Amino acid sequence: MATTDTSTVGEVTINSSLFTRKATGLVRGWSAVDGYIYAFYACNIVLGILTLAYAAFIPGGSIVWAIIITVGFVLFECVVYGALTSAIPRAGGDYVWQTRIFSSPVGFVLAATGWWFILWHWIPIYANLSVIAFVAPVLRIVGANSAVTWLATKDGIFLASVVVIAVTTVYVAAGMRGYAKFQRLTFVIGMAGIAVAAVILLFTSHGRFVSTFNHQAHSLYGVHGNAYAATLKAGAGQYGSPLSGSLGDTLRLIPFLLFWLLWPNWGATLAGEVRGARDFKKNVWAMSGALLTSAVIGLVFVAAISASMGWHFFIASSRAYYAGASPLGGDYLSPIAMGSWILGSPVLEVILLTAVFMLVLGWYGTVFLSSTRMIFAAAFDRVLPERAASVNEKTRVPNVALGLMVVPSIVVSALYAYWHSFATFTLDATAVIAVTYLGSTLAAMVMPWRLKRVYQSSPLAKYKIGPVPMITVVAAVFASFLILNLIWWLKDSIYGVNNTKSLIYMGILYAMAAVIWLIAWWVRRAQGLGLEAVAREIPVE
């Protein structure tokens with residue numbers, strides 16, 4: 001064992017000799033504003049608009065009230081993660097908190113599966129959203145119909161994923177400050193575009209939308225006659241309004257909405273690189289502000305869709321798309337793309353779609369950036385090889401950790417594109433991340449007792465609900481919410497995530513993480529280092 005080298009942070013003694021080196025080598029390159037934009041990107045509004053289409057599966061629910069209820073509960077998540085971040089603002093987030101409050105194997109298995117392995121599988125998801133919501137509509141406008149067809153082939157699917165990997169790698173390799181510049185630029189352009197799209201839909205009369213839709217259906221897709229009426233017929237059903245619906249069906253919409261709104265805490269693994277991360281209130285405001293911004297824009301689009309195309313048409317078009325019965329073929333009819341048609345100019349349509357696409361382009365960074373910090377933190381704790389904790393001297397980027405995301409992502413993307421059954425294996429990807437969040441939420445609930453000195457020296461100690469620590473009560477509420485939604489996902493086939501093959505595959509990923517930890521435990525034990533001893537210390541900055 002190395003000679004003991006200790007320091008004190010607040011009332012907590014840190015033994016730095018247990019870690020790879022005395023300090024992480026990371027720098028606090030982000031402001032609270034950068035954290036807010038990152039959280040907003042995680043709750044991506046373009047993904048949100050796509051998620052609205054899932055209302056077609058439960059037409060008896062109120063999408064407006066479902067969004068409001070979902071946001072109300074996810075705000076508890078913002079408090080939980082804001083609290084954990086302020087108490088232990090270290091790179092690695094969930095991994096660090098769970099290993100310190102529970103144990104090294106529990107924290108590593110949950111975080112490695114939820115932040116490392118699973119994010120490889122999200123690359124095709126990012127790529128598919130980009131293609132169906134933006135690339136395909138733009139190609140239709142410019143008349144490149146054969147390119148749209150090719151993108152649906154195996155080679156096209158793989159190429160789209162590789163492009164996402166390449167762009168994401170450039171973002172992360174630029175470092176926190178470099179990526180922050182991309183974030184801000186794409187955010188400003190994208191928000192301007194989404195505002196224009198919303199205004200167009202809000203102030204377009206129903207009659208004009210119908211005539212424009214029929215014209216574009218003929219011009220872009222070769223559909224003759226009343227394409228609007230044909231779409232309504234193809235997706236016929238009994239639909240409620242956005243504001244009304246049964247309570248049961250409204251609640252059943254919530255698990256769908258979590259695909260969009262569960263992620264304002266996505267930047268928590270970056271806490272060691274955000275200035276002011278110890279400020280509990282600032283953390284909560286950044287996360288909840290991003291969540292509310294995305295939700296409000298989503299509600300605006302519900303109103304805009306209802307005002308122009310009509311909510312029944314939107315649900316019918318969504319239902320027809322998922323059933324493969326749309327008269328316009330297999331294209332996803334994005335409200336943003338349909339709204340751009342109102343402009344009546346191919347040039348302006350492409351400009352608007354490109355501007356809104358910036359919100360997706362900026363979003364790409366989220367798929368690797370947070371994950372590399374979890375890998376880095378595990379390597380800093382010596383669970384993974386020390387090289388994975390090395391950082392570039394100029395950019396302060398953990399390049400080896402980045403490589404551990406890039407290479408497997410290429411392999412997974414190839415499997416997704418060329419092996420048809422593999423897509424089924426990935427259906428539970430969201431559920432795995434929710435399980436990781438549940439682990440941290442339970443950790444927060446018991447932190448006042450399991451990590452007493454850290455809790456008492458943090459800003460959280462002064463917040464109580466009667467005699468009970470506030471964080472315990474808030475975490476209990478959010479944990480109950482997560483458990484309920486996990487049960488819904490696993491029980492109800494309507495959400496498409498309770499596939500037996502997918503569950504088995506996810507179990508294999510958890511087993512793989514457990515095997516990695518056991519190997520690390522055996523190797524470090526032979527070197528005279530106990531991983532549980534490391535997990536009893538707070539990582540140095």
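## Reading a predicted model

Colleague: Let me start with one residue: does Gln183 count as buried or exposed?

Modeller: Gln183 counts as buried, because its relative accessibility is 0%, and buried means under 20%. Keep in mind that we are reading a predicted model. You will find Gln183 in helix α9, residues 175–202.

Colleague: Which residues does Gln183 touch, leaving out those up to four places away in sequence?

Modeller: With those neighbours left out, Gln183 touches Trp30, Asp34, Ile37, Tyr38 and Tyr41.

Colleague: What about a charged residue: is Arg100 buried or exposed?

Modeller: Arg100 has a relative accessible area of 6%, so Arg100 is buried. Its place is in helix α4, residues 94–101. You can also look at its distance from a residue elsewhere in the chain: Arg100 and Ile538 are 438 residues apart along the chain, yet 7.4 Å separates their C-alpha atoms.

Colleague: Ile165 caught my eye too. In which helix is Ile165?

Modeller: Ile165 sits in helix α8. It is buried, because its relative accessibility is 4%. From C-alpha to C-alpha, Ile165 and Ser409 are 7.5 Å apart, although 244 residues apart in sequence. Ser409 is also one of the residues that Ile165 touches; the others are Ile123, Phe368, Val406, Ile410 and Ser413, not counting residues up to four places away in sequence.

Colleague: How do I read a helix as a whole?

Modeller: You can ask how far it reaches and which of its residues are buried. A general idea helps here: an α-helix has 3.6 residues a turn, so residues three or four places apart point the same way. Now take α23, residues 470–491. Its 22 residues reach 32 Å from the first C-alpha to the last, close to the 32 Å expected at 1.5 Å a residue.

Colleague: Which residues of α23 are buried?

Modeller: The buried residues of α23 include Ile471, Val474, Ala475, Phe478, Leu482, Asn485 and Trp489. Try finding them in the structure above.

Colleague: And how far does α10 reach from its first C-alpha to its last?

Modeller: Helix α10 (residues 206–221) has 16 residues and reaches 21 Å, close to the 22 Å expected at 1.5 Å a residue. Phe209, Val210, Phe213, Gln216, Ala217 and Leu220 are among its buried residues. Just after α10 comes Gly222, with a positive phi near 75°.

Colleague: Which residue other than glycine has a positive phi?

Modeller: Most residues other than glycine have a negative phi. Arg382 is a case with a positive value, near 75°. This residue lies in the loop between α18 (366–380) and α19. It counts as buried, because its relative accessibility is 17%.

Colleague: Let's turn to the nonpolar core. Which residues touch the most other members of the largest nonpolar core?

Modeller: That core has 193 residues, and Ile63, Phe108, Trp116, Phe213 and Met374 touch the most other members. Helix α3 (residues 63–87) gives the most to the core, with 13 residues. For a closer look, choose Met374. Leaving out residues up to four places away in sequence, Met374 touches Gly92, Tyr95, Phe108, Ala111, Ala112, Trp115 and Trp116.

Colleague: What about empty space? How many cavities of 30 Å³ or more are there?

Modeller: There are six cavities of 30 Å³ or more. The largest cavity holds about 220 Å³ of space. It is lined by 20 residues, and Gly35, Val274, Asn283, Ala286 and Met287 are the closest to its centre. Two or more lining residues come from α1 (32–42) and from α14 (280–308). Helix α1 gives the most, with five residues. By class, twelve of the lining residues are nonpolar, six polar and two charged.

Colleague: How much space lies in the largest pocket?

Modeller: The largest pocket has about 1500 Å³ of space. Of its 46 lining residues, Tyr54, Ile125, Asn128, Tyr321 and Tyr416 are the closest to the centre. Elements that give two or more residues to this lining include α2 (45–52), α6 (123–141), α8 (154–173) and α19 (399–418).

Colleague: Which element gives the most to the lining of the largest pocket?

Modeller: That is α6, with nine residues. Sorted by class, the pocket lining has 32 nonpolar, eleven polar and three charged residues.

Technical notes
Residues are numbered from 1 along each chain as its sequence is written. This is a predicted model: local features need pLDDT of at least 70, side-chain atom pairs count only at pLDDT 80 or more; totals for chains, interfaces and linings use all residues. Side-chain values use heavy atoms; hydrogens and water are left out. On a 1 Å grid over the protein atoms alone, a cavity is a set of points where a 1.4 Å probe fits but cannot get out, and a pocket is an open set with protein on both sides within 12 Å along at least five of seven lines; lining residues have an atom within 4 Å of a point. Grid points are joined across faces, edges and corners, and a volume is the space filled by probe spheres set on the points. Helices (H or I, at least four residues) and strands (E, at least two) are DSSP runs, numbered from the N terminus. Ala, Val, Leu, Ile, Met, Phe, Trp, Tyr, Cys and Pro count as nonpolar, Asp, Glu, Lys and Arg as charged, and the others, Gly among them, as polar. The expected span of a helix is 1.5 Å times one less than its number of residues. Buried means under 20% relative accessible area, exposed over 50%, partly exposed in between (1.4 Å probe, protein chains only). A nonpolar core is a set of buried Ala, Val, Leu, Ile, Met, Phe, Trp, Tyr and Cys residues joined through side-chain atoms within 4.5 Å. Contact means heavy atoms within 4.5 Å.
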